[in-house]
Amino acid sequence: MDEFGSDPEAAIAAAAKRYSNWNRWGADDGVGTVNFLDAEKRAAAAALIRRGVSFSLSLPFDENGPQFGWKRRVNPVHTMMSTGMDTAEQMGLPHGLSVADDAVFMPLQCSTQWDGLGHVFDHGVAWNGRAGREVVTSEGDVATGIERLAAPVVGRGVLLDVGRALGEDGELPDGYPITSADLESTRERQGVSIGRGDLVLVRTGQLTRVRRGEGWGTYAGGPAPGLSFETLGWLHGTEIAAVATDTWGVEVRPNEWPDAMQPLHQVALPHIGLLLGEMWDLDALAADCAADGVHEFFLAAQPLPFTRAVGSPVNPVAVK
């Protein structure tokens, strides 16, 4: 962190300038670093499937999730519109047919999800140097809507199990800033490469504590291990397509400057154009990777194509 100094405003400005990908894929680009993930890389990723075992990396979408109402983020509300109690006669359907239907209300970022490129602005500026007020309007995100990513986010996934590599009992403590050196040492320990177009998953072990019975507590927005601001250089230089973690907000919390609020997001989304995944359940996959020593896999992690949305729930599936 010393290279960025003690002033978060200056640090964010310096990192934004140093790691900017603006106009790298043209002035009208709407998918950012997902451009690194091309057809050739998807085809190569398919060859990683050897055993056919698959892992869902999503939390359940139900009323028992981590949200507590901050910024009107609540857990999913699932309502039955018709049930087995409704008869064919009540529904007016022929030959004894009746149906069950249901509906869900939920903020799009209430559980396992992607942050879209229109989710965060830097001083009112959105991805690729556009004015935020012109990109995201009352009609939604007209330039980088999440529907643009409904097809391309499929490729080589790599798990960096930093919690298991560096933590006690496989877990990092809250407030632990994961550095570029930590990511590299974990990668080397696991004997895996990381390169252009990869979908990188970082396990801290925080979700393991929740699952062990400590409860959600302050998981949503409270103290957490996570990526240091310093890792922006690594995230940019490796040319990965996306990064996701098992925490609420990807980066370390409390953030590394007093009174700061998600400074890594402020550079990664609007300047690098890097897709960020939050609240991913990596435990079962991590256990399997530790058992067989293979930390790369085919990963399908497409967002739901909500038109002009700035984020989306996702059920990522890793196949080994």
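Which residue just after helix 7 takes a positive phi? In this predicted model, that residue is Gly-215, with a phi of about 85°. Helix 7 itself spans residues 206-214, and a run of its residues, Gln-206, Leu-207, Thr-208, Arg-209 and Val-210, is buried. The cover over these buried residues includes strand 9 (199-203) and helix 10 (283-292).

Strand 9 also has a part in the interior of the protein. The largest nonpolar core comprises 34 residues, and those with the most contacts inside it are Phe-229, Leu-232, Leu-235 and Val-243. At least two residues of this core come from each of helix 1 (8-18), strand 7 (154-161), strand 9, helix 8 (232-237) and helix 9 (263-272). Helix 9 gives the most, with five residues. Another core, of 27 residues, lies apart from the largest one; Leu-149, Leu-199, Leu-201 and Ala-318 are among its members. Such groupings fit a familiar pattern, as nonpolar side chains in soluble globular proteins tend to be buried together.

A charged side chain can be examined next. Lys-320 sits in the segment after strand 15 (317-319). Is this lysine buried or exposed? Lys-320 has a relative accessible area of 3%, under the 20% cut-off, and therefore counts as buried. From there, the Lys-320 side chain reaches the backbone oxygen of Val-294 at 2.9 Å.

Met-85 offers a useful contrast in setting. This methionine lies in the loop between strand 2 (77-82) and helix 3 (88-91). Its relative accessibility is 71%, over the 50% cut-off, so Met-85 counts as exposed. Met-85 and Val-99 are separated by 14 residues in sequence, and their C-alpha atoms are 9.7 Å apart in space.

Turning to the pockets, the largest holds about 280 Å³ of space. Its lining consists of Trp-70, Lys-71, Arg-73, Asp-115, His-119, Val-120, Trp-248, Gly-249, Met-261, Gln-262, His-265 and Glu-278. By class, this lining is made up of four nonpolar, four polar and four charged residues. The second largest pocket holds about 180 Å³. Lining this second pocket are Lys-71, Arg-72, Arg-73, Phe-105, Met-106, Pro-107, Leu-108, Gln-109, His-119, Ala-309, Val-310 and Gly-311. Here the classes are six nonpolar, three polar and three charged residues. Lys-71, Arg-73 and His-119 appear in the linings of both pockets.

Key: Residues numbered from 1 in each chain as written. Predicted model: local features only at pLDDT ≥ 70, side-chain atom pairs only at ≥ 80, totals over all residues. Heavy atoms only, no water. Helix = DSSP H or I, 4+ residues; strand = E, 2+ residues; numbered from the N terminus. Buried < 20%, exposed > 50% of the residue type's maximum accessible area, 1.4 Å probe, protein only. Contact = heavy atoms within 4.5 Å. Polar contact = N/O pair within 3.5 Å; in protein donor to acceptor, adjacent residues only side chain to side chain. Core = buried A, V, L, I, M, F, W, Y, C linked by side-chain atoms within 4.5 Å. 1 Å grid on protein atoms, 1.4 Å probe; cavity = no way out; pocket = protein on both sides within 12 Å on 5 of 7 lines; lining within 4 Å. Points joined across faces, edges and corners; volume = space filled by probe spheres on them. Nonpolar A, V, L, I, M, F, W, Y, C, P; charged D, E, K, R; others polar.
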